[in-house]
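User: I would like to go through this protein model step by step. Please keep the answers plain.

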Amino acid sequence: MASPRVPEESTKLSSNTPVSLSKLSDICTEACSETIQPDTVYDHSRTSTWNEQIIHAVLKSLIGACSTHKFIVYSTIIQHDITARSRGIHSTSGAYWNNDKDGMYNFSWNGGDKERGLDMVLSIAWIAKE
């Protein structure tokens, strides 16, 4: 039976992932690295393109890895001042779904370099096709 759910830590969702957690992490890391690495700093005019490319790459990999689920990918780029000592973001998602077949994974990518001035947060939701 479906019930409301607020996702827990990503590592606690392994019981119903259609793709292993390590594969999810690899897919997200590769998409972020390949899209952002050619650029050296945060560039607001490129954020839309970065998000589109990352989402497309993640979806392409997920669809290739699993045909039993539908996928939703959210991508957030967080700009930060490289001289700041701290930065923060808080985000929460909730869903009404079948806890045995559906789920969510959250991934954080630190930009790979302090001077780049950005971080990425990806959220992937899967829903069984049934």
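**Core, sheet and helices**

User: Which residues does Ile124 touch, not counting residues up to four places away in sequence?
Analyst: This is a predicted model. In it, a contact is a pair of heavy atoms within 4.5 Å. With residues up to four places away in sequence set aside, the residues that Ile124 touches are Leu24, Cys28, Val58, Leu62, Phe71, Ile72, Val73, Gly103, Met104 and Tyr105.

User: Which residues of the largest nonpolar core touch the most other members?
Analyst: In soluble globular proteins, nonpolar side chains tend to be buried together. The largest nonpolar core here has 24 residues. Those that touch the most other members are Ile54, Val58, Leu62, Leu118, Met120, Leu122 and Ile124.

User: Which element gives the largest share of this core?
Analyst: Two or more residues come from each of α1 (21–36), α2 (47–65), β2 (69–79), β4 (103–109) and β5 (118–128). The largest share is six residues, and the element that gives them is α1.

User: What pattern does the protein chain follow along the sequence?
Analyst: The protein chain has two helices and five strands. Read along the sequence, their pattern is β-α-α-β-β-β-β.

User: In what order do the three strands of the open sheet lie?
Analyst: Strands of a sheet pair through backbone hydrogen bonds, either parallel or antiparallel. In this open sheet the pairing is antiparallel. The edge strands are β2 and β4, each pairing on one side only. The order is therefore β2-β5-β4.

User: By how many degrees are neighbouring strands of this sheet turned against each other on average?
Analyst: The sheet in question has three strands, with antiparallel pairing. With direction ignored, the average turn between neighbouring strands is 15°.

User: How many bridges join β4 to β5?
Analyst: Two of the pairs can be named: Asn106 stands opposite Ser123 in β5, and the bridge partner of Met104 is Ala125. The two strands run antiparallel, and the number of bridges joining β4 to β5 is seven.

User: Over how many bridges do β2 and β5 pair?
Analyst: Ile77 stands opposite Met120 in β5. The pairing of β2 with β5 is antiparallel, and its number of bridges is 11.

User: Is β4 largely enclosed or open, and why?
Analyst: A residue counts as buried when its relative accessible area is under 20%. Five of the seven residues of β4 are buried. Strand β5 is mostly covered too, with nine of its 11 residues buried. Because of its five buried residues, β4 is largely enclosed.

User: At about what angle does α1 run to β4?
Analyst: Helix α1 has 16 residues and reaches 22 Å from its first C-alpha to its last. It lies across β4 and β5. The angle to β4 is about 40°.

User: Which elements do the buried residues of α1 pack against?
Analyst: The buried residues of α1 are Leu24, Ile27, Cys28, Ala31, Cys32, Ser33, Thr35 and Ile36. The elements they pack against are α2, β4 and β5.

User: Which strands does α2 touch where it packs on the sheet?
Analyst: The direction of α2 makes about 150° with that of β2. The strands touched by α2 are β2 and β5.

User: Is Ser25 buried, exposed or partly exposed?
Analyst: Ser25 has its place in helix α1. Its relative accessibility is 24%. Buried requires under 20% and exposed over 50%, so Ser25 counts as partly exposed.

User: What distance separates the C-alpha atoms of Ser25 and Trp109?
Analyst: Leaving aside neighbours within four places in sequence, Ser25 is in contact with Tyr105 and Phe107. Ser25 and Trp109 are 84 residues apart along the chain, and their C-alpha atoms are separated by 9.8 Å.

User: Which residues form the one aromatic pair?
Analyst: The structure holds one aromatic pair. Its rings are 6.4 Å apart centre to centre, with 70° between the planes. Planes over 60 degrees apart count as edge-to-face. Both partners are buried, and they are Tyr42 and Trp50.

Conventions
Residues are numbered from 1 along each chain as its sequence is written. This is a predicted model: local features need pLDDT of at least 70, side-chain atom pairs count only at pLDDT 80 or more; totals for chains, interfaces and linings use all residues. Side-chain values use heavy atoms; hydrogens and water are left out. A nonpolar core is a set of buried Ala, Val, Leu, Ile, Met, Phe, Trp, Tyr and Cys residues joined through side-chain atoms within 4.5 Å. Buried means under 20% relative accessible area, exposed over 50%, partly exposed in between (1.4 Å probe, protein chains only). Helices (H or I, at least four residues) and strands (E, at least two) are DSSP runs, numbered from the N terminus. Two strands pair if DSSP finds at least two bridges between them. Axes are lines fitted to C-alpha atoms, for helices over the stretch in contact, and angles run from 0 to 180 degrees between N-to-C directions. The expected span of a helix is 1.5 Å times one less than its number of residues. Rings of Phe, Tyr and Trp (its six-membered ring) pair if their centres lie within 6.5 Å; planes under 30 degrees apart count as stacked, over 60 as edge-to-face and the rest as tilted.
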